[in-house]
Amino acid sequence: MPIYVYQVINPDGSEGESFEVEQSMNDAPLNQHPRTGEPVRRVFLPPNLATKYTPVATKNKLETKNVEKAGFTKYERDKLTGHYHRTAGKDKRAPDVINPNQL
């Protein structure tokens with residue numbers, strides 16, 4: 001169920017305290033504070049969209065230029081041989097190809 005934010009309307013018309021209420025989308029908006037009975041209004045807020053860890057954002061962070069910039073080495077698996085080939089990274093100690101059968 002969604003959580004709605006409400007704000008108390010003070011007697012002078014100013015904004016009072018805010019509080020959250022979990023209620024069904026089919027329920028009518030509250031007109032009074034559930035405990036004190038003071039008049040309230042619903043506060044409309046922008047939706048919380050998860051954008052930091054989306055598949056696109058993760059893919060962008062793992063691009064070759066970003067991996068090399070961070071100092072890491074990136075390998076991709078060859079589907080035919082099963083070997084891993086270096087696709088990013090400039091560390092001379094890192095091998096160009098890794099054969100997992102020899103580990």
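## A charge over a ring

Let's start with a small detail: arginine 42 sits over the face of tyrosine 4, at 4.0 Å from the centre of the ring. Keep in mind as you look around that this is a predicted model.

## Two rings that stack

How many aromatic pairs are there? The count comes to 1 aromatic pair. Its members are tyrosine 6 and phenylalanine 19, with ring centres 5.9 Å apart and planes at 20° to each other, so the pair counts as stacked. The reasoning is easy to follow once you know the cut-off: planes under 30 degrees apart count as stacked.

Now look at where these two residues come from. Tyrosine 6 belongs to strand S1 (residues 3-9), while phenylalanine 19 belongs to strand S2 (residues 15-22), so the pair ties together parts that are 13 residues apart in sequence.

Are the two residues buried or exposed? Tyrosine 6 has a relative accessibility of 0%, so it counts as buried. Phenylalanine 19 has a relative accessible area of 13% and is buried too. Both calls rest on the cut-off for buried, which is under 20% relative accessible area.

## A sheet of three strands

Strands S1 and S2 are also part of an open sheet of 3 strands, in the order S2-S1-S3, with antiparallel pairing. Which strands lie at the edges? They are S2 and S3, each of which pairs on one side only. Going from one strand to the next, the twist averages 35°.

Zoom in on S1 and S2 and you'll find 6 bridges joining these antiparallel strands. For one spot to look for, try isoleucine 3, which stands opposite glutamate 22 in S2.

## Out on the loop

Between S2 and strand S3 (40-43) there is a loop, and that's the place to find proline 34. This proline has a relative accessible area of 57%, so proline 34 is exposed. The cut-off behind that call is over 50%.

What about its distance from valine 21? Proline 34 and valine 21 are 13 residues apart in sequence, and their C-alpha atoms are 9.3 Å apart in space.

## Threonine 64 and its contacts

Further along the chain, threonine 64 is part of helix H2 (residues 64-69). With a relative accessibility of 34%, threonine 64 counts as partly exposed.

Which residues does threonine 64 touch? Leaving out residues up to four places away in sequence, threonine 64 touches Thr87 and Ala88. Alanine 88 is 24 residues away from threonine 64 in sequence, yet the two are 5.4 Å apart in space, C-alpha to C-alpha.

## The whole chain

Time to step back. The protein chain has 2 helices and 6 strands. Read along the sequence, they follow the pattern β-β-β-α-α-β-β-β. The radius of gyration of the chain is 28 Å, well over the 13 Å that the globule rule gives for 103 residues, so the chain is more spread out than a compact globule.

A few other numbers fill in the picture. Taken along the principal axes, the C-alpha atoms fill a box of roughly 75 × 25 × 20 Å. Of the 103 residues, 18% count as buried, and tyrosine 6 counts as buried at 0% relative accessibility. As for contacts with a separation of 6 or more in the protein chain, residues 24 or more positions apart account for 18% of them.

How values were computed: Residues are numbered from 1 along each chain as its sequence is written. This is a predicted model: local features need pLDDT of at least 70, side-chain atom pairs count only at pLDDT 80 or more; totals for chains, interfaces and linings use all residues. Side-chain values use heavy atoms; hydrogens and water are left out. Rings of Phe, Tyr and Trp (its six-membered ring) pair if their centres lie within 6.5 Å; planes under 30 degrees apart count as stacked, over 60 as edge-to-face and the rest as tilted. Helices (H or I, at least four residues) and strands (E, at least two) are DSSP runs, numbered from the N terminus. Buried means under 20% relative accessible area, exposed over 50%, partly exposed in between (1.4 Å probe, protein chains only). A charge sits over a ring if NZ of Lys or CZ of Arg is within 6 Å of the ring centre and within 35 degrees of the ring normal. Two strands pair if DSSP finds at least two bridges between them. Axes are lines fitted to C-alpha atoms, for helices over the stretch in contact, and angles run from 0 to 180 degrees between N-to-C directions. Contact means heavy atoms within 4.5 Å. The radius of gyration is taken over C-alpha atoms; the globule rule is 2.2 Å times the number of residues to the power 0.38.
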